[in-house]
Amino acid sequence: ILEVFLPDPKERLVLQGLSLLKHVGFEGEVINEGKILAEFVQVPWPEFSNIVNQVHRRGLVGKRGRYRYVTPDLLASWLAADIWNARTDDVRQLLDKLPPNGSRDAFFERIKDLSTDSRAQMVIRSLLSEANFRSIEQLDNETSSKIFYMLTLADPQSSLSAMERLIGGVSVERLRSFTRGRRNVVNALNYVKWFKDTFFGAARLLLVLAEAENEEYSNNATGIWTGLFRLRLSGTEVPLLDRIRLLEEIIETGSVQRRILALKAIAITMTLHEIRSFGIETEGPRPVPPEWHPRTFGEIWEVYRKELQLVDKLMQDADPRVSEEARRVLLDSSRAIVAVGLADELINRLDVLDIKSEKERRDLRESIRLILEYEQEKLKGDQRYKLIELEEKHTGATYRDRLRRWVGQWSFGDWSI
């Protein structure tokens, strides 16, 4: 097909070079972009620019101010795929020669466009293969990981398979030192988790990275992992009940750190206010599917009940760090549980909760007081009475109880007395 459009080998070579960037600086202060590409395909600059101008008159090169670009996009993708396939290592090294900022952005944008044709997708799969990314060492580099991220946008399924090979069996210790390429890999997983075909693989890899967390951003691996379990803003098309299977897996076979991460995810589900960053879903060449949202209270109740059963199990965990975290999640989520209409589910658990410290007792009183203050319209008479009874039980009536309450740290309810 390329020979039909461009029968002259020299023209084809020049346009292959031009196609490596979404648009190429050709005049004025950006002319170096074109000169670098001319050198890359070993065509003298005067001849290179002359051929580009000739092909422009035939309609295969577009002009936008000082820039030139191959058109149509499908032809550009074919040409770029051809040269990527033939000179993979050379093209990767070309990136280091390009001026920063705009030129490199245009280079990465072209990689993303390789998804537009089945022939080009074969090249993507080749670029993601073990021949180019042999181990995590090849990913732990800002340039290589950025190329990997753009290839992910072009082919999420092949990228996920590559990440499973590169990251899945790596030790926690090595992943903690995985820094230079981590941000691009986390962003890649954040994108592929939108799609049901790649969600579970992406989620498991996010968990692997979250267990070895070394970033402090809110959208680090831990933040994205726990965010998968938001009720409404999860960033995936997969229903939440299906996602809970991941939590069940962790509780059965996961490490202590992973069980704690599962509890943090449950806490994210049972919160009154949701927030997440936006933008990654618009990066790819194809639109992401609609985000899953619950359609009825029945769906919300089913999710909450399922997750409360998991909290019950983790409150009995043999490791005190896990059981303490489980009790904390129950208390912190109390108001949200009542707000969705499951007051009895909460009261039954608070009634038998095994308080282990004065702090937990204070947190329990505070949780109950917040419910009585702000969620009373969701309570029936007997439910309100039972909560007041529980609050009084854990406040205490003896001199020792009162002294401990007023001398120690105050709870929310104590400030209104």
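A residue counts as buried when its relative accessible area is under 20%. Phe148, at 0%, is therefore buried. With that yardstick in hand, let us walk through this structure, which is a predicted model.

## Aromatic pairs

Phe148 is a good place to start. Its partner is Phe133, and the two rings form an edge-to-face pair, with 5.2 Å from centre to centre and 85° between the planes. Phe133 sits in the loop between helix H8 (118-127) and helix H9 (136-139), while Phe148 belongs to helix H10 (residues 142-154), so the pair ties together parts that are 15 residues apart in sequence. Phe133 is buried too, because its relative accessible area is 1%.

How many aromatic pairs does a search of the whole structure find? The search returns 9. One of them joins Trp84 and Phe107, whose ring centres are 5.9 Å apart; the planes meet at 50°, so this pair is tilted. The pair links distant parts of the chain, as Trp84 is in helix H5 (residues 73-86) and Phe107 in helix H7 (residues 102-113), 23 residues apart. Trp84 is buried, with a relative accessible area of 2%, and Phe107 is buried with a value of 0%.

The two pairs read as follows.

| Pair | Centre to centre | Angle between planes | Arrangement |
|---|---|---|---|
| Trp84 and Phe107 | 5.9 Å | 50° | tilted |
| Phe133 and Phe148 | 5.2 Å | 85° | edge-to-face |

Elsewhere, ring pairs link Phe26, Trp45 and Phe48 into a cluster.

## Arg276 and its surroundings

Next comes an arginine with several partners. Arg276 is located in the loop between helix H17 (256-269) and helix H18 (297-315). Is Arg276 buried or exposed? Its relative accessible area is 13%, so Arg276 is buried.

What does the side chain of Arg276 reach? One partner is the backbone oxygen of Leu233, at 3.3 Å. Another is Glu291, whose side chain is joined to that of Arg276 by a polar contact of 2.8 Å. Arg276 also lies over the face of Phe278, at 4.0 Å from the ring centre. Leaving aside neighbours within four places in sequence, the contacts of Arg276 are Trp194, Arg230, Leu233, Ser234, Gly235, Glu281 and Glu291.

A similar arrangement of charge and ring appears at Arg245, which lies over the face of Phe200, 4.4 Å from the ring centre.

## The largest pocket

Arg276 also leads us to the pocket. The largest pocket has a volume of about 380 Å³. Its lining counts 23 residues, and those closest to the centre are Gly223, Arg230, Ile275, Arg276 and Ser277. Helix H13 (182-192) and H15 are the elements that give two or more residues to this lining. Which element gives the most? That is H15, with 3 residues.

## Glu213, ahead of H15

Just as H15 contributes to the pocket, the loop between helix H14 (196-211) and helix H15 (221-227) holds Glu213. Glu213 is partly exposed, because its relative accessible area is 22%.

The side chain of Glu213 makes a polar contact of 2.7 Å with the side chain of Thr222. A polar atom of the Glu213 side chain also lies 3.1 Å from the backbone nitrogen of Glu215. Not counting residues up to four places away in sequence, Glu213 touches Arg182, Asn220, Ala221 and Thr222. For a sense of distance, the C-alpha atoms of Glu213 and Leu370 are separated by 33 Å, the two residues being 157 apart along the chain.

## Helix H3 and two backbone details

In helix H3 (residues 31-40), the buried residues are Glu33, Gly34, Ile36, Leu37, Ala38 and Phe40. Just after H3 comes Gln42, which is found in the loop between H3 and helix H4 (45-57). The phi of Gln42 is near 60°, a positive value in a residue other than glycine. Gln42 is exposed, because its relative accessible area is 72%.

The other backbone detail is a cis peptide bond, running from Thr71 to Pro72 with omega near 0°. Pro72 lies in the loop between strand S3 (67-70) and H5. Trp84 of the tilted ring pair is in H5 as well.

Notes. Residues are numbered from 1 along each chain as its sequence is written. This is a predicted model: local features need pLDDT of at least 70, side-chain atom pairs count only at pLDDT 80 or more; totals for chains, interfaces and linings use all residues. Side-chain values use heavy atoms; hydrogens and water are left out. Helices (H or I, at least four residues) and strands (E, at least two) are DSSP runs, numbered from the N terminus. Buried means under 20% relative accessible area, exposed over 50%, partly exposed in between (1.4 Å probe, protein chains only). A polar contact is a pair of N or O atoms within 3.5 Å; within protein, one must be able to donate a hydrogen and the other to accept it, and residues adjacent in sequence count only if both atoms are side-chain atoms. Contact means heavy atoms within 4.5 Å. Rings of Phe, Tyr and Trp (its six-membered ring) pair if their centres lie within 6.5 Å; planes under 30 degrees apart count as stacked, over 60 as edge-to-face and the rest as tilted. A charge sits over a ring if NZ of Lys or CZ of Arg is within 6 Å of the ring centre and within 35 degrees of the ring normal. On a 1 Å grid over the protein atoms alone, a cavity is a set of points where a 1.4 Å probe fits but cannot get out, and a pocket is an open set with protein on both sides within 12 Å along at least five of seven lines; lining residues have an atom within 4 Å of a point. Grid points are joined across faces, edges and corners, and a volume is the space filled by probe spheres set on the points.
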